[in-house]
Each structure stands twice: as C-alpha cells, then as structure tokens.
Amino acid sequence: MNKQFPDEPITAASDSDRRRRFLARLAVSIAGSSLLSGLPWMAPLRAQPVGGAPSDRVRLGMIGTGSRGKLLLQHLLTTPGVEVAALCDDYPPHLTAAMALAGGKPKAFADYRKLLDMPDLDGVLIATPLHEHAAMCLNAMAADKHVFCEKSLALTTDECKAIARAASSGTRVFQVGHQRLFSASFLHAHEIVRSGRIGPITQIRASWHRNNDWRRQVPSPELERKLNWRLYRASSAGLMAELASHHLQIANWYLDAAPLSCIGYGSINHWKDQREVHDNVNVLFRYRDGVTFIYDSLTSNRHHGMEIQILGSRGTIEGESGKMYMEQPPPAPGIKTVVDRIERASMETIPIGGPSWKADSKSDALGQALRRDLGGDDGTLLSMAAFANAIRLNQQIPQMIDHAYRSGIAALMGQAAMDQGGEIAWPGDYK
C-alpha cells in the first residue's frame, strides 16, 4: 500500500490552524511523491499555506447558497488564507442562512452581477442550478475573476463549449467541482491502474441508487420550479448531470479518453408527480479499443447504493468503497492453507454425477483497502485549498478544463441518447 499520503486525517470540525498544519505536511508529501507530483491538478497543493497577513488573503465570493453552496462555504470558512468576502442568492432564506453561517461578515447580494463588480474580489464559486452556470461563468471570466463552478459544466453542448473556450483562452484559474480528483482512494486507484496491477481496463460499471424523489417542500406554488429546479428540463439534465457526471469524470480520467458514443434508456416509472426528468436511467458509453462504461441510476431503491467498478483482466477496483480485488489473490499463509485443506477434505463426498460446468459465483474476497486519509473527506476540502492556492500563485490548473468539458458533454450525450432513442456521437472538442 502506498505510504506517501500524510497519516493524519482532517475532520470537518477542524479549525483553520489545524488545516494549515495539514496542508503544510501535504505540500511536502506531494513534492516527494511520484504519484501526486505527476498529477498536474495537485500542483497548487505543493505550495505552503500562507500565514495570517492581510496581503496573503484570497478574497472569494459565493454565488448560490443552497445545500451544495453551504457545504462549500463550510470548507472555505476554515481554508487557510481564504476570506469569504461576499455571498449571493436570489432566494432570501438561503442567503440568510449562509450569512449566519459566515458570522454575518460577508457582503450580501441578491444579484450576482453586483457581486462581480466588487473590485477587490479575487474569485467566485458558483453553486447554482445547472441552467445558470454558463451565463455566470462567462460573466465572471469577463469580469476578470477566477472561477470555481460546481458540476456538471452546463445545460447544453454549446454552453459547455463556450465556457471551455473562454476558460482556456484566459489567464484566470478555472475549476469544476469534481472532487474525486482530490480523493485519496481515487488517487490511489489511479496509481494502481497506471501500474498495470489489475491489467488493462476492459470495462467500467457504475451505479448510483437512491430512494428519494429529490422534491423539496415549497412555501408557495410560484417557487416550485425555483426550488425544485432539478425536476424540470429547462433547468436540469437530471440524473446524468447531477450524479452520473461524477462517475463519467472517473471513467474519462482512468481511460484517458472521451467516449466515442453512447446509447441509453430512461423513464419515469415511479415518481408520478409531474416531473420532467427521468427517475431511472440506463446508459452504455463506448470508448476506444472496445472498452465500455455501463451506468445506471434510479431513485426508487437504494439497496445497491453508489459504486464505480474498474474492471481489468487481473483485478477489480471499487472506488467509492475504496477496495481492490485481485482475480488471483495471493496465497494464504502456510498454516492456514493446511487447515483449509483438512476442513475441505472432511466435507468431501464421492461424486456420482454432476453438471459439466461450474457456476461463476461472485467473489467473496475481502479485498485490499485503498487509501482514504488524504484530507479525511471525499476530496472537497482539498479541491477548495487547490483553488485558493492556484489563485494565490496566479497559475491555471492544468487539465481541469478538459476534465470539466469531457464529463459535462458525456452527461449531456447520455440524456440525448435517452431522449432521441438512438446512438449519440461525441460532438468534438471545444478547441
């Protein structure tokens, strides 16, 4: 197991000083690790975290303070060297709750364009409904701000291309909220894939199963589409954008490629509540060399939960549970092997007849645990620190735009395949 990760995890309750110490140790570890130093988006984390001088501060604004925005805000408030200078939301209850979380210190806005007019604001984080991403990203970049945008990238292919082109032609930092790029278990899994330990990837399978309807109670009918935006096509790409985009990013990353095409089916077979997005989806993506990525998600049964399986000829990685399983596990220690043989012999019977084949049952191997101690969460903590450090260094994060574009486009391809009932081809690069 790779021992180059720092050994002391960080919890959500940690204060800024503890995070500063952790990031300082992490910077040393990354510099000395061939795994981490070889991943360009980890580069900003090599920088030592700053002290408390005002000149070292990165001033950020948050646009969108709903559930995801508040989670990002909690991390920002204890990220070393970050000052949350402004909050914006056009729904007053969300803004009020976020202001209370931030101690009432940031400036409050209902119009994000006024927030962008702040001359001393370094960057913004955008955690708004999907249909608002494009305009907000483009306006923020036009205002010369660094941008962190939550996934998925945008609601349409043209919007994804416009954002990617603007981000790649500018000099400011652009980052999308694919936190698994900073997750210890997924970084460790990527190292294993690169090393060839599980053999060439032959298939990737992923699922995200829930038993809830995404619907939120609204105080008045006119707020239905505002608060339940995920349920309507004008503002959402449904399960493909909200959930599948995470695992599509992993597939694209590990295969180092975008999908060539996809087919899929989706429907509303459970939640009969006038929603417009599917409550279950099944999509098959085709990659080069005959590799496929099979994805399914439903909102009426949570038994199988969330997982992504990276399948090679010699082993399997389950990224979300953080385990690796080998097709041929190493032999057991000598004494255990002897005991197992004796126990098997005591239960053997004389065969009289039987089938000419043996069922391939699911492996019951315990597997090898992957690292999970890089920051103590799913990577969100380090993604915030990387964004802040990249701004401080005034250096773009390499490959981040490509990760954002590939996953955003692939999610939209899956939705289009279900809508059109046919195979959807990759629409090309943004460059």
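Two rings of Phe, Tyr or Trp, the last represented by its six-membered ring, are treated as a pair if their centres lie within 6.5 Å. The legends below apply to a predicted model.

**Figure 1. Aromatic pairs, with Tyr-405 and Tyr-430 in close-up.** By the rule given above, the structure contains seven aromatic pairs. One of them joins Tyr-405 to Tyr-430 in an edge-to-face arrangement, with 5.0 Å between the ring centres and 65 degrees between the planes. This pair connects distant parts of the chain, since its members are 25 residues apart. Tyr-405 belongs to helix H13, which covers residues 400–420, while Tyr-430 is found in the segment after strand E15 (424–425). Both Tyr-405 and Tyr-430 are buried.

**Figure 2. Further ring contacts: an aromatic cluster and an arginine over a tyrosine.** Trp-41, Trp-253 and Tyr-254 come together in one aromatic cluster. Elsewhere, Arg-225 is placed over the face of Tyr-232, at 4.0 Å from the ring centre.

**Figure 3. The cavity and its lining residues.** Rolling a probe the size of a water molecule over the atoms shows where empty space is left. A search of the whole structure yields one cavity of 30 Å³ or more. The largest cavity holds about 30 Å³ of space. Its lining is made up of Trp-214, Arg-216, Leu-227, Asn-228, Trp-229, Arg-230 and Leu-231. Sorted by class, the residues lining the largest cavity are four nonpolar, one polar and two charged.

**Figure 4. Cysteines without a disulfide.** The structure has zero disulfides. For Cys-160, the closest cysteine sulfur is that of Cys-149, at a distance of 9.8 Å. A disulfide requires two cysteine sulfur atoms within 2.5 Å, and the sulfur atoms of Cys-160 and Cys-149 are therefore too far apart for a bond. Cys-160 is buried, at 0% relative accessibility.

**Figure 5. Cys-88 and Lys-114, a buried and an exposed residue.** Along the chain, Cys-88 and Lys-114 are 26 residues apart, and their C-alpha atoms are separated by 9.2 Å. Cys-88 has a relative accessible area of 3% and therefore counts as buried. Lys-114 is located in helix H5, residues 112–116. With a relative accessible area of 53%, Lys-114 is exposed.

**Figure 6. Backbone geometry in three loops, at Ser-152, Asp-144 and Asn-394.** Most residues other than glycine have a negative phi, and most peptide bonds are trans. The peptide bond running from Lys-151 to Ser-152 is cis, with omega near -10 degrees. Ser-152 is part of the loop between strand E5 (146–149) and helix H7 (157–169). Asp-144, although not a glycine, has a positive phi of about 65 degrees. This aspartate occupies the loop between helix H6 (133–142) and E5. Asp-144 is partly exposed, as its relative accessible area is 42%. A positive phi of about 55 degrees is also found at Asn-394, again not a glycine. Asn-394 sits in the loop between helix H12 (380–393) and H13. At 48% relative accessibility, Asn-394 is classed as partly exposed.

How values were computed:
Residues numbered from 1 in each chain as written. Predicted model: local features only at pLDDT ≥ 70, side-chain atom pairs only at ≥ 80, totals over all residues. Heavy atoms only, no water. Buried < 20%, exposed > 50% of the residue type's maximum accessible area, 1.4 Å probe, protein only. Phe/Tyr/Trp six-rings, centres within 6.5 Å; stacked < 30°, edge-to-face > 60°. Helix = DSSP H or I, 4+ residues; strand = E, 2+ residues; numbered from the N terminus. Lys NZ or Arg CZ within 6 Å of the ring centre and 35° of its normal. 1 Å grid on protein atoms, 1.4 Å probe; cavity = no way out; pocket = protein on both sides within 12 Å on 5 of 7 lines; lining within 4 Å. Points joined across faces, edges and corners; volume = space filled by probe spheres on them. Nonpolar A, V, L, I, M, F, W, Y, C, P; charged D, E, K, R; others polar.
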